[in-house]
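Trainee: I have a new model open and want to read its features one by one. Where shall we begin?
Mentor: Let us begin with the metals.

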Amino acid sequence: KAQEEGSGHTVIAQKDKLLQSDAVLTLSREIKEGLKNREFKLYFQPIFSSQDLRLAGAEVLLRWKHIEGMRHPGMFIPFAEKSGLIIDIGYYVLEETLRMLTHWNHSGFLPIQLNINLSLRELESIEFMNHLNRVLYQYDIGDSGIKYEITEYASMHNPILTRERLEKLHQMGIKVALDDFGTGYSSFSHLAEFPIDTLKIDKSFVDNMVQDRSKQHIISSITKLGHSLGMNLVAEGIETRDQAKLLQQMGVDLFQGYYFAKPMSQLEFQYLLTHPDEQKITV
Ligand code: C2E
Ligand code: MG
Ligand code: MG
Ligand code: MG
């Protein structure tokens, strides 16, 4: 009986595998076609200065307008990272971002900083770095700038290579932020050696920070550490006014979160860019 069960399981496992590889092929094909058909859209989540609550920039977050409905990054980025398609997605996001900044520059909008997420595969790909270098020359982004966000976790995969690549990015005039900071086990020595402009305090520290004093201590330590290394500090995932108030008192420089604004379409973000006086946020 045990044997029967065993073989039954094997059959099911094989079927699962087949199904899985089928789904994988479909998703790969859909991503490639989606890129060609421009089904992927850049969304922008505003980032505000904590002192005067002015718009300081935005993080570019990818959305996939699939015929079956809107797909969020969690539904395709991890797969794209595994399959290598993230490189093509990264080229697309970069070009769309530069196109946007050029358009805004030519329209006379105020210069703005856009943050783009960079996966480990992209950071480690020399083709990606060369492509980046070429493409940057083709667009006129004026005084606007781009900043690449790499997770603290990814930065530790190969610290020597990370440092070299981050230096290359700086040589190209691109700034760097460590994303999801506080969750990625980086060491203080690497933090001091990496050329980093910004630390983004992970949402998990901001969640419940009002009730949890130990989270407040962690955030204020990260802020002091970052400042003493010459970096500026962003808190992400701010959902309440009380969180924003505390973060302001702790000296965090920049705010990002649903309390201020959710990721929005290009048109909605352009409205914010061109109507700065209509922002009625309070902390
Ligand atoms: P991330 O870079 O840490 O981006 C922040 C995520 O938190 C975004 O989710 C954003 O919508 C969400 N968020 C921001 N504020 C709040 C808040 O107050 N409350 C809550 N509950 N959530 C908030 P999203 O857009 O689903 O993106 C998820 C992740 O996918 C990103 O995490 C990033 O790692 C990745 N990703 C997104 N776009 C790209 C891309 O173009 N390229 C790459 N390589 N990765 C991307
Ligand atoms: Mg990010
Ligand atoms: Mg983040
Ligand atoms: Mg994150």
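Mentor: For a metal site, list the donor atoms, then their distances. The magnesium ion (ligand 2) has four protein donors here: Glu59 (OE), Asn117 (OD1), Glu149 (OE) and Asp179 (OD). They lie 2.0 to 2.2 Å from the ion. Keep in mind that this is a predicted model.

Trainee: How are the donor residues of the magnesium ion (ligand 2) spaced in sequence?

Mentor: Write the spacing as a pattern. Here the pattern is E-x57-N-x31-E-x29-D. Now place the end members on the fold. Glu59 sits in strand 2 (residues 55–66) and Asp179 in strand 6 (residues 175–181), so the pair ties together parts that are 120 residues apart in sequence.

Trainee: Are Glu59 and Asp179 buried or exposed?

Mentor: Both are buried. For Asp179 the relative accessible area is 6%. The cut-off for buried is under 20%, so Asp179 qualifies.

Trainee: Which residues coordinate the magnesium ion (ligand 3)?

Mentor: Read this site the same way. The donors are Asp179 (OD), Asp180 (OD) and two OE entries from Glu236, at 2.2 to 2.5 Å. The sequence spacing is D-D-x55-E.

Trainee: Which residue bridges the magnesium ion (ligand 3) and the magnesium ion (ligand 2)?

Mentor: Look for a residue that appears in both donor lists. Asp179 bridges the two ions, which lie 3.7 Å apart.

Trainee: What ideal angles should I keep in mind at a metal?

Mentor: Four tetrahedral donors ideally give 109.5 degrees, and six octahedral ones give 90 or 180 degrees. Water is not among the atoms, so sites may look incomplete.

Trainee: Next, the backbone. What is the phi of Asp180?

Mentor: Look for positive phi outside glycine. Asp180 has a phi near 50°, and this residue is not a glycine. Asp180 lies in strand 6. Its relative accessible area is 26%, so Asp180 is partly exposed.

Trainee: Where is Tyr185 placed?

Mentor: Tyr185 is in the loop between strand 6 and helix 8 (188–193). Here too phi is positive, about 55°, in a residue that is not a glycine. Tyr185 is exposed, with a relative accessible area of 70%.

Trainee: Now the pocket. How much space lies in the largest pocket?

Mentor: Take the volume, then the lining, then the elements behind the lining. The largest pocket holds about 980 Å³ of space. Its lining counts 39 residues. Nearest its centre are Glu59, Leu61, Pro73, Asn117 and Asp179. Glu59, Asn117 and Asp179 are also among the protein donors of the magnesium ion (ligand 2).

Trainee: Which elements give two or more residues to the lining of the largest pocket?

Mentor: Among them are strand 2, helix 2 (77–83), helix 3, strand 4 (113–117) and strand 5 (145–151). Helix 4 (120–124), helix 6 (152–155) and strand 6 also belong to that list. Strand 2 gives the most, with five residues.

Trainee: On to the sheet. How many bridges join strand 7 to strand 8?

Mentor: For a strand pair, check the direction and count the bridges. Strand 7 (residues 198–201) and strand 8 (residues 232–235) run parallel and are joined by four bridges. Thr198 stands opposite Asn232. Their C-alpha atoms are 4.8 Å apart, although 34 residues separate them in sequence.

Trainee: Is Thr198 buried or exposed?

Mentor: Thr198 is buried, at 1% relative accessibility. Next, read its contacts, leaving out residues up to four places away in sequence. They include Lys147, Val176, Leu178, Met231 and Val234.

Trainee: Which strand pairs with strand 8 over two bridges?

Mentor: Strand 9 (residues 254–255), again in the parallel sense. Ala235 stands opposite Phe255 there. Then follow the connection between the strands. Strand 8, helix 11 (residues 241–249) and strand 9 form a right-handed β-α-β unit.

Trainee: Last, a helix residue. Which residues does Val93 touch?

Mentor: Place the residue, check burial, then list contacts. Val93 is in helix 3 (residues 86–106). Val93 is buried, with a relative accessible area of 9%. Leaving out residues up to four places away in sequence, Val93 touches Leu42, Val60, Leu62 and Ile116. For a contrast in space, take Thr223: its C-alpha atom is 30 Å from that of Val93, with the two positions 130 residues apart along the chain.

Notes: Residues are numbered from 1 along each chain as its sequence is written. Chains are lettered from A and ligands numbered from 1 in the order in which they are written. This is a predicted model: local features need pLDDT of at least 70, side-chain atom pairs count only at pLDDT 80 or more; totals for chains, interfaces and linings use all residues. Side-chain values use heavy atoms; hydrogens and water are left out. Buried means under 20% relative accessible area, exposed over 50%, partly exposed in between (1.4 Å probe, protein chains only). Contact means heavy atoms within 4.5 Å. Two strands pair if DSSP finds at least two bridges between them. A crossover is right-handed if, with the strands pointing away from the viewer, the path from the first strand over the helix to the second runs clockwise. Donors are N, O and S atoms within 2.8 Å of the metal (3.2 Å for Na, K and Ca); water is not among the atoms, so sites may look incomplete. On a 1 Å grid over the protein atoms alone, a cavity is a set of points where a 1.4 Å probe fits but cannot get out, and a pocket is an open set with protein on both sides within 12 Å along at least five of seven lines; lining residues have an atom within 4 Å of a point. Grid points are joined across faces, edges and corners, and a volume is the space filled by probe spheres set on the points.
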